[in-house]
Amino acid sequence: AGHLGWSFVSRCGSSATVMVHPDAGPQGRVDYEVLAVNSFDSDRKRMSVLVRRNDKYVLLAKGADNVMLARALAKGQNHEEINEALYRFSTEGLRTLIVAVRELS
């Protein structure tokens, strides 16, 4: 996340704070209220967190690429570019995780 301009600042109780750097968007501290956490487990191969910022609810998830891509991509959607990047990373010996965000209504 740091390479993309986001830095974790703190977590206290149900509050989490991150710092957004100028290249990543509006500069400054961003506070989130953590409403729920689904911890990682070997069956789901992912974890998710439901947060609220102002009046918006956001679901954040991270997990194994095979599990996350199967749920994130619509049937028939071209995901060749993502698969090529994952292959390139794996040939370099890098571990990969997919991160997803969805605003809830």
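## A turn between two strands

Let's start small: Gly 13 takes a positive phi near 60° in the hairpin of β1 and β2, a hairpin with two residues between its strands. Strands here are DSSP runs of E with at least two residues, helices are runs of H or I with at least four, and both are numbered from the N terminus. Keep in mind that this is a predicted model, where local features need pLDDT of at least 70, side-chain atom pairs count only at pLDDT 80 or more, and totals for chains, interfaces and linings use all residues. Residues are numbered from 1 along each chain as its sequence is written, and side-chain values use heavy atoms, with hydrogens and water left out.

The two strands of that hairpin, β1 and β2, run antiparallel and are joined by six bridges. Strands count as paired if DSSP finds at least two bridges between them. One place to look is Phe 8, whose bridge partner in β2 is Val 18.

## The whole sheet

Now zoom out. The chain has six strands and two helices, and along the sequence they come as β-β-β-β-β-α-α-β. The six strands form an open, antiparallel sheet in the order β1-β2-β3-β4-β5-β6. Because β1 (6-12) and β6 (98-104) stand at the edges with a single partner strand each, one side of each has no neighbour in the sheet. On average, neighbouring strands in this sheet are turned by 30° against each other, direction ignored; the angles are taken between N-to-C directions, from 0 to 180 degrees, using axes fitted to C-alpha atoms (for helices, over the stretch in contact).

On its other side, β2 pairs with strand β3 (residues 28-38) in the antiparallel sense over six bridges, and Met 19 has Arg 29 as its bridge partner in β3. Strand β5 (residues 56-63) runs antiparallel to β6, with seven bridges joining them. There, Lys 62 stands opposite Val 99 in β6.

## Two residues up close

Is Thr 17 buried or exposed? This residue of strand β2 (residues 15-20) has a relative accessible area of 4%, so Thr 17 is buried. The cut-offs are under 20% for buried, over 50% for exposed and in between for partly exposed, with a 1.4 Å probe and protein chains only. Not counting residues up to four places away in sequence, Thr 17 touches Phe 8, Val 9, Ser 10, Arg 29, Val 30 and Asp 31. A contact means heavy atoms within 4.5 Å. Across the chain, buried residues make up 23% of the 105 residues.

Leu 59 sits in strand β5 and, at 33% relative accessibility, counts as partly exposed. Leaving aside neighbours within four places in sequence, its contacts include Ser 48, Val 49 and Arg 102. Leu 59 and Arg 102 are 43 residues apart in sequence, yet 5.3 Å apart in space, C-alpha to C-alpha.

## A pocket

Leu 59 also helps line the second largest pocket, and so do Met 68 and Arg 102, among others. A pocket is an open set of points on a 1 Å grid over the protein atoms alone, with protein on both sides within 12 Å along at least five of seven lines, and lining residues have an atom within 4 Å of a point.

β5, α1 (65-72) and β6 are the elements that give two or more residues to this lining.

Conventions
On a 1 Å grid over the protein atoms alone, a cavity is a set of points where a 1.4 Å probe fits but cannot get out, and a pocket is an open set with protein on both sides within 12 Å along at least five of seven lines; lining residues have an atom within 4 Å of a point.
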